[in-house]
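User: I'm new to reading protein structures and would like some practice. Could you walk me through one, feature by feature?

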Amino acid sequence: MPVVMMSGHATIDTAVEATLIGALDFLEKPIALQKLLATVKRALGQTEAREARPARPLSLATLALGRSAALAGFRKRLAQAAATSVASVLLRGERGAMPEFYARVFQQPGAPWVNATPALGEGSQDVLPQAAGGVLFIDDLARLSQNQRKHLAFLAMRAARAKVRLMSFSSEDTQHLVDALGYDPTLLAGLSELTLAIPPLREQAEDIPEIARAMLQQLVESGFCPPRRFSAAALAALQAPSWPGNLQEIVSVVRTLAATAQGEEIEPGEVAGVLGRGVAPPGAAPAMLLDLPLREARDAFERAYFEHHLEREGGSIARVAEKCGLERTHLYRKLKSLGISTAKKETES
């Protein structure tokens, strides 16, 4: 919220102090109506610009993590790999690892980042020019259809020529991709000039408090929930589970706590309440929503519902609209009203 200070007893020192601690402007009474309106208009313009700016994606590159030996070592290997000219990198990990959280380390400041997974189903060739000089990201190879693999092979052959670094993730080892899923070994070799294994979250217990804090802060900044913070005891409680669903599982828990917490500070009892009911899979509506006012519960359910279908359909708005029985324009409006970024779901740059 922008703040404008007004006083009939202004001094230069007071005005300087007010602006140093965050005031947008300092007006001395009596104030001309034209000047007051111009100042308010400028304040409102800054508010709208902040609201229109999408939240920065959560990334290992933007967090000072690495207290755990597993993450500290992996972070060092990521940085070394990012400093090379290797054209293709394969990340390996368990389901729910949220590979983008780690892969963003490879994105240089100002360079494009494009999630090409949704485009693979449509055979779009536009993603290569969009990602020129940046990163083209493919989420979970184990979940790609035969048709998507065909388009991926097309992109892989042309990525280096377009000055694009191709990053992909697989929740299965390459031998399983070949033997059980019928992947072409040549394609996998082209995708994995360098292979890095993401450590599971259970090996990163020391980093969980900072991860949870960052996730909650992002939800607050995106307007998903009012200002919230974790108490020290609540953060300690989050370190206890083994998190078999990895980062995606803790995202679900933090979102639930952000939506259902009774006060500004999230307490350990609320953490225990969510964990005691079983951690909902991504997109599942938690039972605690039943205690919310109807409108808040409905919005939380719709948000979980659409995120679930976006996840299942690889971010394709067209397929989600068809699945949910909505006209595409209406779906876009609904997602925007719920604070779900369609740009992030479909293509990031």
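**Reading the sheet and its surroundings**

Analyst: Let's start with one pair: the bridge partner of Leu-91 in strand 6 is Phe-169. Keep in mind that this is a predicted model. That pair is part of a longer match, because strand 3 (residues 88-92) and strand 6 (residues 165-170) run parallel and are joined by five bridges.

User: What holds strands together in general?

Analyst: Strands of a sheet pair through backbone hydrogen bonds, in either a parallel or an antiparallel way. Here, the pairing is parallel in an open sheet of five strands.

User: In what order do the strands of that open sheet come, and which ones are the edge strands?

Analyst: The order is 4-5-6-3-7. Strand 4 and strand 7 (194-197) are the edge strands, each pairing on one side only. From one strand to the next, the twist averages 20°.

User: How many bridges join strand 4 to strand 5?

Analyst: Three bridges, and the two strands run parallel. Val-114 is a handy marker there, standing opposite Leu-136 in strand 5. On to the next pair: strand 5 and strand 6 pair in the parallel sense over four bridges, with Val-135 opposite Arg-165 in strand 6.

User: Which way do the residues of strand 5 point?

Analyst: Val-135 and Phe-137 point one way from strand 5 (residues 135-138), while Leu-136 and Ile-138 point the other way. All of them are buried.

User: Which helix packs on the sheet?

Analyst: Helix 3 (residues 69-82) does, touching strand 3, strand 6 and strand 7. The direction of helix 3 makes about 160° with that of strand 7.

User: Let's zoom in on Leu-166. Is Leu-166 buried or exposed?

Analyst: Buried means under 20% relative accessible area. Leu-166 has 3%, so it counts as buried. This residue lies in strand 6, and, leaving out residues up to four places away in sequence, its contacts include Val-89, Leu-136, Ala-156 and Leu-191. Here's a nice lesson about folding a chain in space: Leu-166 and Val-89 are 77 residues apart along the chain, yet their C-alpha atoms are separated by 6.5 Å.

User: What does the side chain of Asn-115 reach?

Analyst: It reaches the backbone nitrogen of Thr-117, at 3.1 Å. Asn-115 lies in strand 4 (residues 113-115), and Thr-117 lies in helix 5 (residues 117-120). With a relative accessible area of 11%, Asn-115 is buried, and Thr-117 counts as buried too, at 10%. Not counting residues up to four places away in sequence, Thr-117 touches Phe-137, Ile-138, Asp-139, Leu-144 and Gln-148.

User: Now helices. How do I read which side of one is buried?

Analyst: An α-helix has 3.6 residues a turn, so residues three or four places apart point the same way. Try helix 15 (residues 317-324), where the buried residues are Ile-317, Val-320, Ala-321 and Cys-324. Seen down the axis of helix 15, these buried residues fall within an arc of 100°, so they line one face of the helix. Just after helix 15 comes Gly-325, with a positive phi of about 75°.

User: What should I expect of backbone angles?

Analyst: Most residues other than glycine have a negative phi, and most peptide bonds are trans. Now for some exceptions. Lys-163 isn't a glycine, but it has a positive phi of about 60°. Asn-246 also has a positive phi, near 60°.

User: Where are Lys-163 and Asn-246 found?

Analyst: Lys-163 sits in the loop between helix 7 (146-159) and strand 6, and counts as exposed at 65% relative accessibility. Asn-246 lies in helix 12 (residues 246-260) and counts as buried at 3%.

User: Which residues does a cis peptide bond join?

Analyst: Lys-29 and Pro-30, with omega of about -5°. Look for Pro-30 in the loop between strand 2 (25-28) and helix 2 (33-52).

User: Can we zoom out to finish?

Analyst: Sure! The protein chain has 17 helices and nine strands, and buried residues make up 42% of its 349 residues. Among contacts with a separation of 6 or more, 68% come from residues 24 or more positions apart. The chain exposes about 18300 Å², and carbon and sulfur atoms supply 53% of that.

Conventions
Residues numbered from 1 in each chain as written. Predicted model: local features only at pLDDT ≥ 70, side-chain atom pairs only at ≥ 80, totals over all residues. Heavy atoms only, no water. Buried < 20%, exposed > 50% of the residue type's maximum accessible area, 1.4 Å probe, protein only. Polar contact = N/O pair within 3.5 Å; in protein donor to acceptor, adjacent residues only side chain to side chain. Contact = heavy atoms within 4.5 Å. Areas by Shrake-Rupley, 256 points an atom, 1.4 Å probe, with all protein chains shown as cover. Arc of directions from axis to C-beta. Axes fitted to C-alpha atoms, helices over the stretch in contact; angles between N-to-C directions.
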